Amino acid sequence: MQLTDSLGRTINYLRLSVTDRCNMRCSYCMPAEGVADQGHDAVLRYEELLLIAEAAVGLGIEKIRITGGEPLVRAGIVDFLFRLSRIDGLRHLALTTNGLLLERMAADLHAAGVQRLNVSLDSLNRETFGAITRGGDLDAVLRGLDAAERAGFPPPKINMVVMAGVNDGEILDFAELTRNRGNSVRFIEYMPVIKDEGWQRYSIPGEEILRRIAARYPLEHVCKGAYAGPSRDFRIQGAQGTLGIITAVSGHFCEECNRIRVTSTGQAKGCLFSDDTADLKPYLRPPDPVQLAQVLKAIVTAKPEGHHITCDGYGHKNFTMAQIGG
Ligand code: SAM
Ligand code: SF4
(Lines give C-alpha, C1' and ligand atoms only; values in the text may rest on other atoms or scores of the structure.)
(Ligands and ions follow the chains in the order given, each with its own letter.)
Protein backbone atom coordinates (compact mmCIF):
# COMPACT_ATOMS: atom_id res chain seq x y z
CA MET A 1 0.00 0.00 0.00
CA GLN A 2 1.28 3.49 -0.81
CA LEU A 3 0.73 6.29 1.66
CA THR A 4 0.50 9.77 0.13
CA ASP A 5 -0.30 13.16 1.59
CA SER A 6 -2.71 15.73 0.18
CA LEU A 7 0.06 17.13 -2.07
CA GLY A 8 0.85 13.73 -3.56
CA ARG A 9 4.11 13.24 -1.66
CA THR A 10 4.80 9.59 -0.87
CA ILE A 11 5.18 9.15 2.88
CA ASN A 12 7.16 5.98 3.57
CA TYR A 13 9.37 6.96 6.47
CA LEU A 14 8.66 7.23 10.21
CA ARG A 15 11.11 8.73 12.67
CA LEU A 16 10.26 7.19 15.99
CA SER A 17 11.80 8.65 19.12
CA VAL A 18 12.25 6.36 22.11
CA THR A 19 13.53 8.89 24.63
CA ASP A 20 14.31 12.57 25.00
CA ARG A 21 17.19 11.86 27.37
CA CYS A 22 20.77 12.01 26.26
CA ASN A 23 24.31 11.38 27.45
CA MET A 24 25.52 14.46 25.54
CA ARG A 25 24.40 18.09 25.58
CA CYS A 26 25.03 19.35 22.05
CA SER A 27 24.74 23.11 22.11
CA TYR A 28 22.53 23.25 19.00
CA CYS A 29 20.15 20.62 20.32
CA MET A 30 19.45 21.14 23.99
CA PRO A 31 20.27 23.47 26.87
CA ALA A 32 23.30 22.70 29.07
CA GLU A 33 21.04 21.50 31.88
CA GLY A 34 19.32 18.96 29.60
CA VAL A 35 15.59 18.60 29.07
CA ALA A 36 12.95 18.65 31.80
CA ASP A 37 11.99 15.23 33.17
CA GLN A 38 8.75 14.15 31.47
CA GLY A 39 7.79 11.79 34.28
CA HIS A 40 7.71 8.01 34.04
CA ASP A 41 4.17 7.72 32.72
CA ALA A 42 4.58 10.31 29.97
CA VAL A 43 7.11 8.27 28.00
CA LEU A 44 5.61 5.49 25.90
CA ARG A 45 6.34 1.90 26.87
CA TYR A 46 7.97 -0.30 24.28
CA GLU A 47 4.68 -2.17 23.72
CA GLU A 48 3.07 1.15 22.87
CA LEU A 49 5.85 2.13 20.48
CA LEU A 50 5.45 -1.25 18.78
CA LEU A 51 1.72 -0.64 18.33
CA ILE A 52 2.49 2.68 16.64
CA ALA A 53 5.09 1.07 14.40
CA GLU A 54 2.67 -1.71 13.41
CA ALA A 55 -0.08 0.79 12.62
CA ALA A 56 2.30 2.92 10.56
CA VAL A 57 3.63 -0.06 8.58
CA GLY A 58 0.05 -1.20 8.02
CA LEU A 59 -0.63 2.19 6.40
CA GLY A 60 2.38 2.05 4.07
CA ILE A 61 5.40 3.15 6.09
CA GLU A 62 8.38 1.05 4.94
CA LYS A 63 11.27 2.58 6.81
CA ILE A 64 11.54 3.35 10.52
CA ARG A 65 14.41 5.26 12.03
CA ILE A 66 14.81 5.04 15.79
CA THR A 67 16.02 8.28 17.27
CA GLY A 68 15.86 10.38 20.41
CA GLY A 69 17.43 11.91 22.57
CA GLU A 70 20.00 9.22 22.54
CA PRO A 71 18.24 5.91 21.80
CA LEU A 72 21.07 3.78 23.18
CA VAL A 73 20.64 5.15 26.72
CA ARG A 74 17.16 3.67 27.09
CA ALA A 75 17.18 0.36 28.97
CA GLY A 76 15.85 -2.58 26.94
CA ILE A 77 16.48 -0.93 23.56
CA VAL A 78 18.08 -3.99 21.96
CA ASP A 79 15.14 -6.25 22.74
CA PHE A 80 12.74 -3.57 21.47
CA LEU A 81 14.67 -3.28 18.21
CA PHE A 82 14.58 -7.03 17.77
CA ARG A 83 10.78 -7.00 18.06
CA LEU A 84 10.47 -3.99 15.79
CA SER A 85 12.62 -5.59 13.09
CA ARG A 86 10.20 -8.52 12.96
CA ILE A 87 7.19 -6.39 11.97
CA ASP A 88 5.82 -7.80 8.77
CA GLY A 89 6.12 -5.26 5.96
CA LEU A 90 8.88 -3.19 7.54
CA ARG A 91 11.63 -3.08 4.93
CA HIS A 92 14.21 -0.90 6.53
CA LEU A 93 15.16 -0.35 10.17
CA ALA A 94 17.76 2.31 10.93
CA LEU A 95 18.98 4.04 14.06
CA THR A 96 20.57 7.42 14.68
CA THR A 97 23.02 7.69 17.55
CA ASN A 98 25.69 9.96 18.91
CA GLY A 99 27.94 6.90 18.92
CA LEU A 100 29.12 7.15 22.53
CA LEU A 101 27.82 3.67 23.45
CA LEU A 102 28.34 2.06 20.05
CA GLU A 103 31.59 0.35 20.87
CA ARG A 104 29.90 -2.00 23.30
CA MET A 105 26.45 -2.16 21.67
CA ALA A 106 27.16 -2.44 17.94
CA ALA A 107 27.18 -6.25 17.79
CA ASP A 108 23.86 -6.49 19.69
CA LEU A 109 22.25 -3.86 17.46
CA HIS A 110 23.30 -5.77 14.38
CA ALA A 111 22.02 -9.04 15.78
CA ALA A 112 18.71 -7.34 16.67
CA GLY A 113 18.07 -6.56 13.00
CA VAL A 114 19.09 -2.91 12.69
CA GLN A 115 20.23 -2.48 9.09
CA ARG A 116 21.89 0.92 9.12
CA LEU A 117 23.39 3.30 11.62
CA ASN A 118 23.70 7.06 11.35
CA VAL A 119 26.22 8.58 13.70
CA SER A 120 26.18 12.28 14.51
CA LEU A 121 29.67 13.67 14.47
CA ASP A 122 30.31 17.39 14.12
CA SER A 123 34.07 17.66 14.55
CA LEU A 124 37.18 15.54 14.22
CA ASN A 125 39.02 17.85 16.56
CA ARG A 126 38.83 16.80 20.23
CA GLU A 127 38.52 20.33 21.56
CA THR A 128 35.88 21.45 19.10
CA PHE A 129 33.96 18.22 19.57
CA GLY A 130 34.10 18.61 23.34
CA ALA A 131 32.87 22.21 23.06
CA ILE A 132 29.97 21.43 20.70
CA THR A 133 28.80 18.42 22.69
CA ARG A 134 29.63 20.01 26.06
CA GLY A 135 32.02 17.28 27.12
CA GLY A 136 31.52 14.41 24.64
CA ASP A 137 34.37 11.94 24.09
CA LEU A 138 35.43 12.00 20.42
CA ASP A 139 37.64 8.92 20.73
CA ALA A 140 34.72 6.85 22.05
CA VAL A 141 32.65 7.85 19.01
CA LEU A 142 35.48 6.98 16.61
CA ARG A 143 35.90 3.58 18.33
CA GLY A 144 32.14 3.15 17.98
CA LEU A 145 32.35 3.73 14.21
CA ASP A 146 34.99 1.01 13.93
CA ALA A 147 33.00 -1.34 16.16
CA ALA A 148 29.94 -0.91 13.94
CA GLU A 149 31.85 -2.12 10.89
CA ARG A 150 33.38 -5.02 12.80
CA ALA A 151 29.85 -5.99 13.84
CA GLY A 152 28.83 -6.26 10.18
CA PHE A 153 27.19 -2.88 9.51
CA PRO A 154 27.99 -1.00 6.33
CA PRO A 155 30.12 2.06 7.17
CA PRO A 156 27.77 4.27 9.25
CA LYS A 157 26.46 7.46 7.70
CA ILE A 158 27.89 10.47 9.45
CA ASN A 159 25.69 13.50 10.11
CA MET A 160 27.54 16.77 10.51
CA VAL A 161 25.67 19.91 11.53
CA VAL A 162 27.69 22.69 9.93
CA MET A 163 28.03 25.87 11.95
CA ALA A 164 29.87 28.96 10.75
CA GLY A 165 32.89 29.80 12.87
CA VAL A 166 32.51 26.59 14.87
CA ASN A 167 33.24 23.62 12.59
CA ASP A 168 32.90 24.88 9.01
CA GLY A 169 36.69 24.75 8.71
CA GLU A 170 36.35 20.96 8.81
CA ILE A 171 33.99 20.54 5.85
CA LEU A 172 36.77 19.19 3.63
CA ASP A 173 38.04 16.86 6.38
CA PHE A 174 34.56 15.34 6.54
CA ALA A 175 34.42 15.10 2.76
CA GLU A 176 37.69 13.15 2.98
CA LEU A 177 35.98 10.56 5.20
CA THR A 178 34.02 9.42 2.15
CA ARG A 179 37.34 8.52 0.52
CA ASN A 180 39.58 7.33 3.32
CA ARG A 181 37.00 5.59 5.54
CA GLY A 182 34.21 4.89 3.07
CA ASN A 183 31.57 6.56 5.24
CA SER A 184 28.80 8.56 3.64
CA VAL A 185 28.60 12.04 5.12
CA ARG A 186 25.59 14.29 5.27
CA PHE A 187 26.10 17.98 5.84
CA ILE A 188 23.10 19.42 7.66
CA GLU A 189 22.24 23.08 7.80
CA TYR A 190 22.03 24.32 11.35
CA MET A 191 18.35 24.67 12.24
CA PRO A 192 17.04 27.17 14.79
CA VAL A 193 15.11 24.70 16.91
CA ILE A 194 16.09 26.34 20.16
CA LYS A 195 14.95 29.87 19.41
CA ASP A 196 18.31 31.37 19.72
CA GLU A 197 18.57 35.13 19.19
CA GLY A 198 20.80 35.71 16.16
CA TRP A 199 20.86 32.04 15.12
CA GLN A 200 21.64 33.15 11.58
CA ARG A 201 25.26 33.74 12.58
CA TYR A 202 25.81 29.99 12.58
CA SER A 203 23.97 29.44 9.37
CA ILE A 204 25.82 28.27 6.25
CA PRO A 205 23.60 27.50 3.26
CA GLY A 206 23.98 24.05 1.73
CA GLU A 207 25.00 25.71 -1.55
CA GLU A 208 28.02 27.23 0.14
CA ILE A 209 28.99 23.89 1.69
CA LEU A 210 28.73 22.28 -1.73
CA ARG A 211 30.70 25.08 -3.37
CA ARG A 212 33.58 24.59 -0.94
CA ILE A 213 33.68 20.83 -1.56
CA ALA A 214 33.33 21.19 -5.33
CA ALA A 215 36.21 23.70 -5.39
CA ARG A 216 38.47 20.92 -4.12
CA TYR A 217 37.04 17.70 -5.54
CA PRO A 218 35.33 16.69 -8.78
CA LEU A 219 31.81 15.67 -7.78
CA GLU A 220 29.30 13.45 -9.53
CA HIS A 221 25.56 13.27 -8.82
CA VAL A 222 24.28 10.15 -7.11
CA CYS A 223 20.78 8.77 -7.57
CA LYS A 224 19.00 8.46 -4.27
CA GLY A 225 17.48 5.34 -2.78
CA ALA A 226 13.74 4.93 -2.25
CA TYR A 227 13.76 6.20 1.36
CA ALA A 228 16.48 8.78 1.04
CA GLY A 229 14.38 11.85 1.78
CA PRO A 230 15.35 15.40 1.02
CA SER A 231 19.13 15.29 0.73
CA ARG A 232 21.03 16.01 -2.47
CA ASP A 233 23.71 13.38 -2.92
CA PHE A 234 27.08 13.48 -4.63
CA ARG A 235 30.22 11.39 -4.80
CA ILE A 236 33.82 12.46 -5.04
CA GLN A 237 35.08 10.52 -8.04
CA GLY A 238 36.37 7.17 -6.86
CA ALA A 239 35.14 7.51 -3.26
CA GLN A 240 33.25 4.66 -1.64
CA GLY A 241 31.02 6.93 0.44
CA THR A 242 28.66 9.64 -0.77
CA LEU A 243 28.15 13.25 0.27
CA GLY A 244 24.68 14.54 1.03
CA ILE A 245 23.58 18.12 1.55
CA ILE A 246 20.48 18.66 3.65
CA THR A 247 19.18 22.16 3.07
CA ALA A 248 16.54 22.06 5.73
CA VAL A 249 16.61 25.83 6.12
CA SER A 250 17.60 27.34 2.78
CA GLY A 251 16.51 24.87 0.16
CA HIS A 252 13.72 22.94 -1.46
CA PHE A 253 13.55 20.48 1.36
CA CYS A 254 9.83 20.31 1.93
CA GLU A 255 8.86 19.36 -1.62
CA GLU A 256 10.54 16.01 -1.24
CA CYS A 257 9.71 15.37 2.40
CA ASN A 258 8.73 11.73 2.88
CA ARG A 259 8.47 11.49 6.65
CA ILE A 260 6.36 11.77 9.73
CA ARG A 261 7.54 11.74 13.33
CA VAL A 262 6.36 10.37 16.62
CA THR A 263 7.94 11.58 19.86
CA SER A 264 8.73 9.41 22.86
CA THR A 265 5.65 10.81 24.57
CA GLY A 266 3.39 9.79 21.69
CA GLN A 267 2.98 13.08 19.85
CA ALA A 268 2.68 12.50 16.10
CA LYS A 269 3.90 15.32 13.84
CA GLY A 270 3.75 15.80 10.09
CA CYS A 271 6.47 18.45 10.11
CA LEU A 272 9.32 19.17 12.50
CA PHE A 273 8.49 22.87 12.52
CA SER A 274 4.74 22.62 12.75
CA ASP A 275 2.97 22.95 16.08
CA ASP A 276 0.22 20.65 14.83
CA THR A 277 0.50 17.44 16.76
CA ALA A 278 -1.80 14.53 17.44
CA ASP A 279 -1.59 12.87 20.82
CA LEU A 280 -1.57 9.10 20.22
CA LYS A 281 -1.84 8.16 23.89
CA PRO A 282 -5.65 7.96 24.00
CA TYR A 283 -5.43 5.21 21.33
CA LEU A 284 -2.73 3.32 23.21
CA ARG A 285 -4.16 3.35 26.71
CA PRO A 286 -6.12 1.15 26.17
CA PRO A 287 -4.96 0.09 22.69
CA ASP A 288 -7.30 0.92 19.80
CA PRO A 289 -5.37 -0.05 16.63
CA VAL A 290 -8.13 1.13 14.28
CA GLN A 291 -8.32 4.65 15.72
CA LEU A 292 -4.54 4.75 16.02
CA ALA A 293 -4.17 4.10 12.29
CA GLN A 294 -6.81 6.72 11.50
CA VAL A 295 -5.04 9.39 13.52
CA LEU A 296 -1.70 8.59 11.89
CA LYS A 297 -3.34 8.80 8.50
CA ALA A 298 -4.85 12.17 9.41
CA ILE A 299 -1.38 13.45 10.33
CA VAL A 300 -0.13 12.40 6.90
CA THR A 301 -3.08 14.01 5.14
CA ALA A 302 -2.62 17.26 7.03
CA LYS A 303 1.13 17.39 6.45
CA PRO A 304 1.93 21.04 5.69
CA GLU A 305 3.36 22.08 2.35
CA GLY A 306 6.43 23.58 3.99
CA HIS A 307 7.91 25.39 6.96
CA HIS A 308 8.55 29.11 7.47
CA ILE A 309 11.55 29.14 9.74
CA THR A 310 13.42 31.66 7.63
CA CYS A 311 10.56 34.17 7.84
CA ASP A 312 10.80 36.91 10.45
CA GLY A 313 9.06 35.90 13.65
CA TYR A 314 8.68 32.30 12.52
CA GLY A 315 5.95 30.74 14.49
CA HIS A 316 6.80 27.36 16.01
CA LYS A 317 6.91 26.86 19.75
CA ASN A 318 10.33 26.53 21.33
CA PHE A 319 11.56 22.93 21.51
CA THR A 320 14.75 20.95 21.57
CA MET A 321 15.55 18.52 18.78
CA ALA A 322 16.00 15.83 21.43
CA GLN A 323 12.33 16.19 22.36
CA ILE A 324 11.11 15.67 18.80
CA GLY A 325 13.74 13.24 17.58
CA GLY A 326 15.81 15.21 15.07
N1 SAM B 1 21.25 11.49 19.82
C2 SAM B 1 21.22 11.03 18.48
C3 SAM B 1 22.21 11.77 17.62
O4 SAM B 1 22.73 12.80 18.03
O5 SAM B 1 22.44 11.30 16.51
C6 SAM B 1 19.84 11.08 17.85
C7 SAM B 1 18.99 12.29 18.11
S8 SAM B 1 19.58 13.82 17.44
C9 SAM B 1 18.34 14.94 17.98
C10 SAM B 1 19.24 13.56 15.72
C11 SAM B 1 19.93 14.50 14.79
O12 SAM B 1 19.42 15.80 14.96
C13 SAM B 1 21.43 14.59 14.96
O14 SAM B 1 22.06 14.22 13.75
C15 SAM B 1 21.67 16.03 15.27
O16 SAM B 1 22.87 16.48 14.72
C17 SAM B 1 20.46 16.69 14.64
N18 SAM B 1 20.19 18.01 15.20
C19 SAM B 1 19.91 18.32 16.48
N20 SAM B 1 19.74 19.65 16.62
C21 SAM B 1 19.92 20.20 15.39
C22 SAM B 1 19.89 21.54 14.88
N23 SAM B 1 19.64 22.58 15.66
N24 SAM B 1 20.11 21.71 13.56
C25 SAM B 1 20.36 20.66 12.74
N26 SAM B 1 20.40 19.38 13.16
C27 SAM B 1 20.20 19.15 14.47
FE1 SF4 C 1 21.99 14.32 22.39
FE2 SF4 C 1 21.78 13.84 19.80
FE3 SF4 C 1 20.85 16.11 20.85
FE4 SF4 C 1 23.45 15.76 20.76
S5 SF4 C 1 22.07 15.90 18.99
S6 SF4 C 1 22.27 16.48 22.54
S7 SF4 C 1 23.63 13.61 21.04
S8 SF4 C 1 20.07 14.10 21.25
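These are my notebook entries on a predicted model, covering its core, its two ligands and several single residues.

**Entry 1: the core**

I began with the largest nonpolar core, which has 95 residues, and looked up those with the most contacts inside it, namely Ile64, Ile66, Phe80, Leu81 and Phe187. I then asked which element gives this core its largest share, and found that helix 1, residues 46-59, contributes 9 residues. I keep in mind that in soluble globular proteins nonpolar side chains tend to be buried together.

I followed Ile66 further, and placed it in strand 2, residues 63-67. Because its relative accessibility is 0%, and buried means under 20%, I count Ile66 as buried. Leaving out residues up to four places away in sequence, Ile66 touches Leu16, Val18, Pro71, Ile77, Phe80, Leu81, Leu84, Leu93, Ala94, Leu95 and Thr96. I checked one of these partners by its C-alpha distance, and noted that Leu16 and Ile66 are 5.0 Å apart in space although their positions lie 50 residues apart in sequence.

For Phe187 I made the corresponding list, again without neighbours within four places in sequence, and it holds Met160, Val162, Ile171, Phe174, Ala175, Ile209, Ile213, Leu243, Gly244, Ile245 and Ile246.

**Entry 2: ligand 1**

I turned to ligand 1 and recorded 19 residues around it, the closest being Tyr28, Gly69, Thr96, Ser120 and Met191. By class, I found 8 nonpolar, 9 polar and 2 charged residues in this shell.

I next looked for backbone atoms that approach the polar atoms of ligand 1. A nitrogen atom of the ligand lies 3.0 Å from a backbone N or O atom of Gly69, and a nitrogen atom of the ligand lies 2.8 Å from a backbone N or O atom of Met191. On the oxygen side, I noted a distance of 3.2 Å between an oxygen atom of ligand 1 and a polar backbone atom of Thr97. How much of the accessible area of ligand 1 does the protein cover? I read a value of 95%, out of the 550 Å² that ligand 1 has on its own. The elements that give two or more residues to the shell are strand 3 (92-97), strand 5 (157-162) and strand 6 (185-189).

**Entry 3: ligand 2**

Around ligand 2 I listed Cys22, Met24, Cys26, Cys29, Met30, Gly69, Asn98 and Ala322. This shell divides into 6 nonpolar and 2 polar residues, with no charged residue. I marked Gly69 in particular, since its name appears in this shell and also among the closest residues to ligand 1.

**Entry 4: two buried polar residues**

I looked up Asn159, which sits in strand 5. Is Asn159 buried or exposed? With a relative accessible area of 8%, Asn159 is buried, because the cut-off for that class is under 20%. The side chain of Asn159 makes a polar contact with the side chain of Arg186, at 3.2 Å. Apart from residues up to four places away in sequence, Asn159 touches Thr96, Asn118, Val119, Ser120, Leu121, Asp122, Arg186 and Ile188.

I then went to Thr178, whose place is in helix 6, residues 171-180, and which counts as buried at 0% relative accessibility. What does the side chain of Thr178 reach at 2.7 Å? I found the backbone oxygen of Ala175. Beyond four places in sequence, Thr178 touches Asn183, Val185, Ile236, Ala239, Gln240, Gly241, Thr242 and Leu243. Of these I checked Thr242, which is 64 residues from Thr178 in sequence, with the two C-alpha atoms 6.1 Å apart.

**Entry 5: loops and backbone geometry**

I noted a cis peptide bond from Arg285 to Pro286, with omega near 0°, and placed Pro286 in the loop between strand 12 (277-279) and helix 8 (289-301).

Arg134 drew my attention with a positive phi of about 55°, although it is not a glycine. I located Arg134 in the loop between helix 4 (126-133) and helix 5 (138-150), and its relative accessible area of 38% makes it partly exposed.

Finally I looked up Gly89, in the loop between helix 2 (77-85) and strand 3, where 45% relative accessibility counts as partly exposed. Without its neighbours within four places in sequence, Gly89 is in contact with Val57, Ile61 and Glu62.

Key. Residues are numbered from 1 along each chain as its sequence is written. Chains are lettered from A and ligands numbered from 1 in the order in which they are written. This is a predicted model: local features need pLDDT of at least 70, side-chain atom pairs count only at pLDDT 80 or more; totals for chains, interfaces and linings use all residues. Side-chain values use heavy atoms; hydrogens and water are left out. A nonpolar core is a set of buried Ala, Val, Leu, Ile, Met, Phe, Trp, Tyr and Cys residues joined through side-chain atoms within 4.5 Å. Buried means under 20% relative accessible area, exposed over 50%, partly exposed in between (1.4 Å probe, protein chains only). Helices (H or I, at least four residues) and strands (E, at least two) are DSSP runs, numbered from the N terminus. Contact means heavy atoms within 4.5 Å. A residue is near a molecule or strand if one of its heavy atoms lies within 4 Å of it. A polar contact is a pair of N or O atoms within 3.5 Å; within protein, one must be able to donate a hydrogen and the other to accept it, and residues adjacent in sequence count only if both atoms are side-chain atoms. Accessible areas come from the Shrake-Rupley method with a 1.4 Å probe; for residues, only the protein chains shown count as cover. Ala, Val, Leu, Ile, Met, Phe, Trp, Tyr, Cys and Pro count as nonpolar, Asp, Glu, Lys and Arg as charged, and the others, Gly among them, as polar.
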